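Student: Could you take me through one part of this model in close detail? I'd like to see how its pieces pack together.

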Amino acid sequence: MGLGLLGGALVGGVLARVAAGDGCVIDGCDEGGFAVGVITLAGTATGALIGTVVGAVLPAGTQWLTERAPRSLRVAGLDIHPQLRVSFGERHRH
């Protein structure tokens, strides 16, 4: 999620800065620097929000699916709770 936040903020800020141009769309504009700052800040915040959402939905790293047995097994007086963990990440060859 952290990488999504940073990556989204970076991309959003860069795209907003490029889209802002010089900040002025009319002749005689003297607030161009302020407009560029506001547009870049808004783009950075929007990109960070989108990156965080994407990072939460599609986390990096190994994905695990854990499945437990519906009930425990009793073996020699002990309750055993079997489970299966399956990784959906990359395979590492040694």
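Student: Is the crossing in which α1 passes α2 left-handed or right-handed?

Tutor: Happy to look at that with you. This is a predicted model, in which local features need pLDDT of at least 70 and side-chain atom pairs count only at pLDDT 80 or more, while totals for chains, interfaces and linings use all residues. Residues are numbered from 1 along each chain as its sequence is written, and side-chain values use heavy atoms, with hydrogens and water left out.

First, some orientation. The protein chain has two helices and four strands (DSSP runs numbered from the N terminus: H or I of at least four residues for helices, E of at least two for strands). Reading from the N terminus, the order is α-α-β-β-β-β.

Now the helix pair. Two packed helices are described by the angle between their axes and the distance between the axes. Here, the axes of α1 (residues 2-20) and α2 (residues 32-57) come within 6 Å and cross at roughly 150° (axes are lines fitted to C-alpha atoms over the stretch in contact; angles run from 0 to 180 degrees between N-to-C directions). The two helices are therefore roughly antiparallel, a label for angles over 145 degrees. To your question: α1 passes α2 in a right-handed crossing, meaning that the near helix is turned clockwise from the far one by less than a right angle.

Which residues touch, with heavy atoms within 4.5 Å? On α1 they are Gly4, Leu5, Gly8, Ala9, Gly12, Gly13, Ala16, Arg17 and Ala20; on α2 they are Val36, Ile39, Thr40, Gly43, Thr44, Gly47, Ala48, Gly51 and Thr52. This contact between α1 and α2 divides into seven nonpolar residues (Ala, Val, Leu, Ile, Met, Phe, Trp, Tyr, Cys, Pro), one charged (Asp, Glu, Lys, Arg) and 10 polar (the others, Gly among them). As for the spacing, an α-helix has 3.6 residues a turn, so residues three or four places apart point the same way.

Turning to α2 itself, its 26 residues reach 37 Å from first C-alpha to last, close to the 38 Å expected at 1.5 Å a residue (1.5 Å times one less than the number of residues). Its buried residues, those under 20% relative accessible area with a 1.4 Å probe and protein chains only, are Gly32, Val36, Gly43, Gly47, Ala48, Gly51 and Gly55. These buried residues of α2 pack against α1.

Finally, for the whole chain, buried residues make up 16% of the 94 residues.

Technical notes. Angles under 35 degrees count as roughly parallel, over 145 as roughly antiparallel, 65 to 115 as roughly perpendicular and the rest as oblique. Contact means heavy atoms within 4.5 Å. Buried means under 20% relative accessible area, exposed over 50%, partly exposed in between (1.4 Å probe, protein chains only).
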